[in-house]
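Visitor: I have a structure here that I have not seen before. Can you take me through it?
Guide: Yes, put it up and ask as you go.

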Amino acid sequence: MILNEVTKAIFGRQTVREYKPEQISGEQLQTLINAALLAPSGRNSQPCHVRFLQNADMLRGMQIDFKNLVGWDTPVHTRSDKNPFYHNAPTFALIFAEGQSHMDGGIMAENICIAAQGIGLGTCLVGSAGALFNAPEGVKWKLKMNIPGDYVYLIGICIGYPDEKPEQKPRIEDRIQVIR
Ligand SMILES: Cc1cc2nc3c(=O)[nH]c(=O)nc-3n(C[C@H](O)[C@H](O)[C@H](O)COP(=O)(O)O)c2cc1C
């Protein structure tokens, strides 16, 4: 295997669900914004709108609305029973699009995750927050973030300094085959 800074970031990334409270630096934030901006998209249509949310009051308010919606005891929605909404990360990036651009959103999200890994940050992708943002109860939050109410939440990314070092999760190796 070829190991360089890029492959090390890809191979070293694991989902992090425990974060230190310190906020990421402005330089790190700018790096992640660039990683999002430079993500490829179909026909360069750039359908994704991203909000890097660092407002603790808004995050807590969203979490309460999320829990009120899905229930306060909902292990099915997450592997973490503490704060499944944004895992108490100091920064939560939310990706929205006008339509169902999940492919573009996923590619952008992974760009952010790998760039974050490369600059010493941990991430957790969060699909479950769609239960709030894609319900009528989420419209007010979208509007507060300058996102039109009918835009679709594609994925979120918790971002911060890791406060845990998870083991790499097993992979089903024969999912990938080479045919010659
Ligand atoms: C599309 C997608 C949605 C996910 N949604 C959540 C989520 O809502 N909450 C969560 O804690 N983890 C979520 N994850 C993280 C996965 O659980 C994690 O990537 C998977 O268990 C593999 O572990 P790894 O990232 O450490 O390799 C999501 C991952 C993906 C790709």
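**The sheet and what packs on it**

Guide: One pairing to begin with: strand E3 (residues 122-126) is joined to E4 by 5 bridges, and the two run antiparallel. Keep in mind that this is a predicted model.

Visitor: Which residue of E4 stands opposite Cys124?
Guide: Cys158 of E4 stands opposite Cys124.

Visitor: And how many bridges join E2 to E4?
Guide: There are 7 bridges between strand E2 (residues 91-97) and E4, again antiparallel. Along that pairing, Ala97 is opposite Val152, Ile95 has Ile155 as its bridge partner, and Phe92 is partnered by Cys158.

Visitor: So Cys158 turns up in both pairings. What else is Cys158 in contact with?
Guide: Leaving aside neighbours within four places in sequence, the contacts of Cys158 are Tyr19, Tyr86, His87, Ala89, Phe92, Thr123, Cys124 and Val126.

Visitor: What is the strand order of the open sheet?
Guide: The order is E1-E2-E4-E3, an open sheet of 4 strands with antiparallel pairing. E1 and E3 are at the edges with a single partner strand each, so each has one side without a neighbour in the sheet. On average, neighbouring strands are turned by 20° against each other, direction ignored.

Visitor: What holds strands together in a sheet, generally?
Guide: Strands of a sheet pair through backbone hydrogen bonds, in parallel or antiparallel fashion.

Visitor: Back to this one. How many bridges join E1 to E2?
Guide: E1 and E2 are joined by 6 bridges and run antiparallel. In that pairing His49 has Phe96 of E2 as its bridge partner.

Visitor: Is E4 enclosed or open to the outside?
Guide: Largely enclosed by the rest of the structure, because 8 of the 9 residues of E4 (residues 152-160) are buried. E2 is also largely enclosed, since 7 of its 7 residues are buried.

Visitor: Which way do the E2 residues point?
Guide: Thr91, Ala93, Ile95 and Ala97 point one way from E2, while Phe92, Leu94 and Phe96 point the other way. All of them are buried.

Visitor: Moving on to helices. Which strands does H4 lie across?
Guide: H4 lies across E1, E2, E3 and E4, and runs at about 5° to E4.

Visitor: I clicked on Gly105. Where is Gly105?
Guide: Gly105 is in helix H4 (residues 102-118).

Visitor: Buried or exposed?
Guide: Gly105 counts as buried because it has 24 C-beta neighbours inside 10 Å, and the cut-off for buried is 20 or more.

Visitor: What does Gly105 touch?
Guide: Not counting residues up to four places away in sequence, Gly105 touches Cys48, Ile95, Ala97, Leu154 and Ile155. Pro40 is 65 residues from Gly105 along the chain, and their C-alpha atoms are separated by 9.8 Å.

Visitor: At what angle do H2 and H4 pack?
Guide: The angle is about 150°, and the axes of H2 and H4 are 8 Å apart. The crossing of H2 past H4 is right-handed.

Visitor: Which residues make that contact?
Guide: From H2 they are Thr31, Leu32, Ala35 and Ala36. H4 brings Met108, Asn111, Ile112, Ala115 and Ala116. The residues of this contact divide into 7 nonpolar, 2 polar and no charged.

Visitor: What about the loop after H2? Which residue there has a positive phi of about 55°?
Guide: Arg43 does, although it is not a glycine. Arg43 lies in the loop between helix H2 (26-37) and strand E1 (48-53). Arg43 is exposed, as only 6 other C-beta atoms lie within 10 Å.

Visitor: And Gln46?
Guide: Gln46 is found in the loop between H2 and E1. Gln46 has a positive phi of about 50° and is not a glycine either. With 15 other C-beta atoms within 10 Å, Gln46 is partly exposed.

Visitor: Last topic, the core. How many residues has the largest nonpolar core?
Guide: The largest nonpolar core has 40 residues, and Ile95, Ile112, Cys158 and Ile159 have the most contacts inside it.

Visitor: Which elements give two or more residues to this core?
Guide: They are E1, helix H3 (56-70), E2, H4, E3, helix H5 (130-133) and E4.

Methods
Residues are numbered from 1 along each chain as its sequence is written. This is a predicted model: local features need pLDDT of at least 70, side-chain atom pairs count only at pLDDT 80 or more; totals for chains, interfaces and linings use all residues. A residue is buried if 20 or more other C-beta atoms lie within 10 Å of its own, exposed if 12 or fewer, and partly exposed in between; C-beta atoms are placed from the backbone. Two strands pair if DSSP finds at least two bridges between them. Two residues are in contact if their C-beta atoms, placed from the backbone, lie within 7 Å. Axes are lines fitted to C-alpha atoms, for helices over the stretch in contact, and angles run from 0 to 180 degrees between N-to-C directions. A crossing is left-handed if the near helix is turned anticlockwise from the far one by less than a right angle, and right-handed if clockwise. Ala, Val, Leu, Ile, Met, Phe, Trp, Tyr, Cys and Pro count as nonpolar, Asp, Glu, Lys and Arg as charged, and the others, Gly among them, as polar. A nonpolar core is a set of buried Ala, Val, Leu, Ile, Met, Phe, Trp, Tyr and Cys residues joined through C-beta atoms within 7 Å.
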